[in-house]
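This briefing is meant for a reader who is meeting the structure for the first time. It begins with the chain as a whole and then turns to its interior and to a few individual residues.

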Amino acid sequence: MEENLRRLTDGVGGRVSGSPEMAKAVDWAVAAFRAEGVTVHTEKYQLAHSWSEGETRLEILGGAEKFPVRLVAAGWSPALPAGGIEANVIYVGAGTEDDFAHAGGNVAGSILLISSKIGATWADLFDEYALPPAIIERARKGGAAAILWMGARERLLLYRHTNVGDGEVDVIPQAVVAREDAMHLARAVEANPGKLRVRFNMPNKIGGPVEQMNVVGEIRGREKPDEAVILGAHLDSWELGTGALDDGCNAALVIEAARAIRATGLVPRRTIRFVLFSGEEQGMVGSWQYVQAHRAEMEKIRGVIIFDSGSGRTPGFQLSGRVDIRDAVSEILRPLASWDVNNHTLDGDIGTDNWDFLLDGVPTLVANQVEANYLPNYHAASDTYDKVDFRELKINTVIAAVTAWGVADREQPLGKRYTRAEIEKQLKETGLDEQMRKQGMWDVWVNGSHGRKD
């Protein structure tokens, strides 16, 4: 597993969906499954756009002494016109309605600088995605030319997020500024209100629809091969680093779990599918497309297990309100009780590849990993092979394999597939409905483009 991950991270490197590196990552995954004797195939779908960053630059023209400003484009941000734009920078604090009003309300034609706090907890990570949609809408309505997001990491560490959730290009140009440089900019604006003028150039390269692939390994069941459990992670990443923690280490985990199960010579009662999704960073597009393509089979998907939080220890799973499966999951993991792995929670997650399965009523288990070193490094230039804790990754691989085997081999299904009414109740009881509203993801449930329809 260590050497396999090294080939992915140091060899292929960062792998943005739609890029040549992503195609190489698919080849890596197919070859890795085949090397372990696991049946494997790819499943194609269309991503709305390809995207890559040009030479993003920001230069101070007047209103303050010049200093370097290090920044990167936000993923799937539109490009600025050739040659860039010249505009004043307005500091809008955290970007709340009051902050916009305090800034004078008139932001038309300006570049907005939005502050942030340092990301230190899972709640902070959620805010990085929950807060921007409303700010972007205020900026768009006000006619702002662009948004600069203050980095949430220290020591000039740059990272890339996207604020769209469907693979489409965003509505306004955006970039992430190294925290220390953004704070310097904020001080300069406050010292010279209305006078800090910059030239901002961001020639992002945006292409049309591009074919992408999910990679699916399979160990076919002995008694109920048409029923399946899915063990999954995402294969794509951002490219400033090499995507080791997010989520290369867990892509390697999925392949290693397949190898280990096959090596036992045992065959589970039901089929186990080992799925490496692409398009996750663009809004879980690959897993959505998987659910769309396999909708007729959802009644027989007995569980979906997802690892997507680096190599931190796994003390249990998020069950997204599914009280009905908690005892069965604990029983499956009883052989590992001495590892303290049965601390399952009923909270939920809409930020990884379980989401569309959950909206289709399937029981989902998301590894509830400790933060470890994930939050300072994910999506960042520092997300590299050396950050992976291989001891914990190997323990997590055992947990993943035992869980997948247990769901596949137990006599009774893990849990029922929920109806739409039951899913709606589940979303409300877990607060996932509010999370979806904040992140602009509620409408796709209401209009039926995502989720079970009956």
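Of the 454 residues of the chain, 58% count as buried. The model is a predicted one, and its secondary structure comes to 15 helices and 16 strands. The points below are grouped by topic.

**Overall form**

- With 454 residues, a compact globule would be expected to have a radius of gyration near 22 Å, and because the chain has 22 Å, the two agree.
- Taken along the principal axes, the box filled by the C-alpha atoms of the chain is roughly 70 × 45 × 40 Å.
- When contacts between residues at least 6 apart in sequence are considered, 84% of them join residues that are at least 24 apart.

**Surface and charge**

- The accessible surface of the chain comes to about 17,700 Å², and carbon and sulfur atoms account for 50% of that area.
- The chain carries 50 positive and 64 negative side chains, and the centres of these two sets lie 2 Å apart.

**Nonpolar cores**

- In soluble globular proteins, nonpolar side chains tend to be buried together.
- The largest nonpolar core in this chain has 61 residues, and the members that touch the most other members are Phe 33, Val 215, Leu 231, Leu 235, Phe 274, Leu 276 and Phe 317.
- Helix H7, which spans residues 244-263, supplies the largest share of this core, with eleven residues.
- Leu 231, one of those members, is in contact with Val 254, Ala 257, Arg 273, Phe 274, Val 275, Ile 305, Phe 307, Ala 400 and Ala 404, when its neighbours within four places in sequence are left aside.
- There is also a second, separate core of 36 residues, and Val 16, Ile 85, Ala 175 and Leu 196 are among them.

**Helix H8 and the loop before it**

- Helix H8 covers residues 285-293, and its buried residues are Val 285, Gly 286, Ser 287, Trp 288, Tyr 290 and Val 291.
- The cover over the buried residues of H8 includes four strands, namely E1 (39-47), E11 (210-219), E12 (224-234) and E13 (270-277), together with helix H10 (355-359).
- Met 284 lies in the loop between E13 and H8, and its phi is near 55°, which is a positive value in a residue other than glycine.
- Met 284 counts as buried because its relative accessibility is 6%, where the cut-off for buried is under 20%.

**Other residues to look at**

- His 379 is found in the loop between helix H11 (374-377) and helix H12 (390-409), and although it is not a glycine, it has a positive phi of about 70°.
- With a relative accessibility of 7%, His 379 also counts as buried.
- A cis peptide bond, with omega about 5°, joins Asp 246 and Asp 247, and the place of Asp 247 is in helix H7, the helix that gives the largest share of the largest nonpolar core.
- Ser 330 belongs to helix H9, which runs over residues 323-332, and at 18% relative accessibility it counts as buried, since the limit is under 20%.
- Not counting residues up to four places away in sequence, Ser 330 touches Asn 342 and His 344.

Methods
Residues are numbered from 1 along each chain as its sequence is written. This is a predicted model: local features need pLDDT of at least 70, side-chain atom pairs count only at pLDDT 80 or more; totals for chains, interfaces and linings use all residues. Side-chain values use heavy atoms; hydrogens and water are left out. Helices (H or I, at least four residues) and strands (E, at least two) are DSSP runs, numbered from the N terminus. The radius of gyration is taken over C-alpha atoms; the globule rule is 2.2 Å times the number of residues to the power 0.38. Buried means under 20% relative accessible area, exposed over 50%, partly exposed in between (1.4 Å probe, protein chains only). Contact means heavy atoms within 4.5 Å. Accessible areas come from the Shrake-Rupley method with a 1.4 Å probe; for residues, only the protein chains shown count as cover. Lys and Arg count as positive and Asp and Glu as negative; His and the chain ends are not counted. The place of a charge is taken as NZ of Lys, CZ of Arg, CG of Asp or CD of Glu. A nonpolar core is a set of buried Ala, Val, Leu, Ile, Met, Phe, Trp, Tyr and Cys residues joined through side-chain atoms within 4.5 Å.
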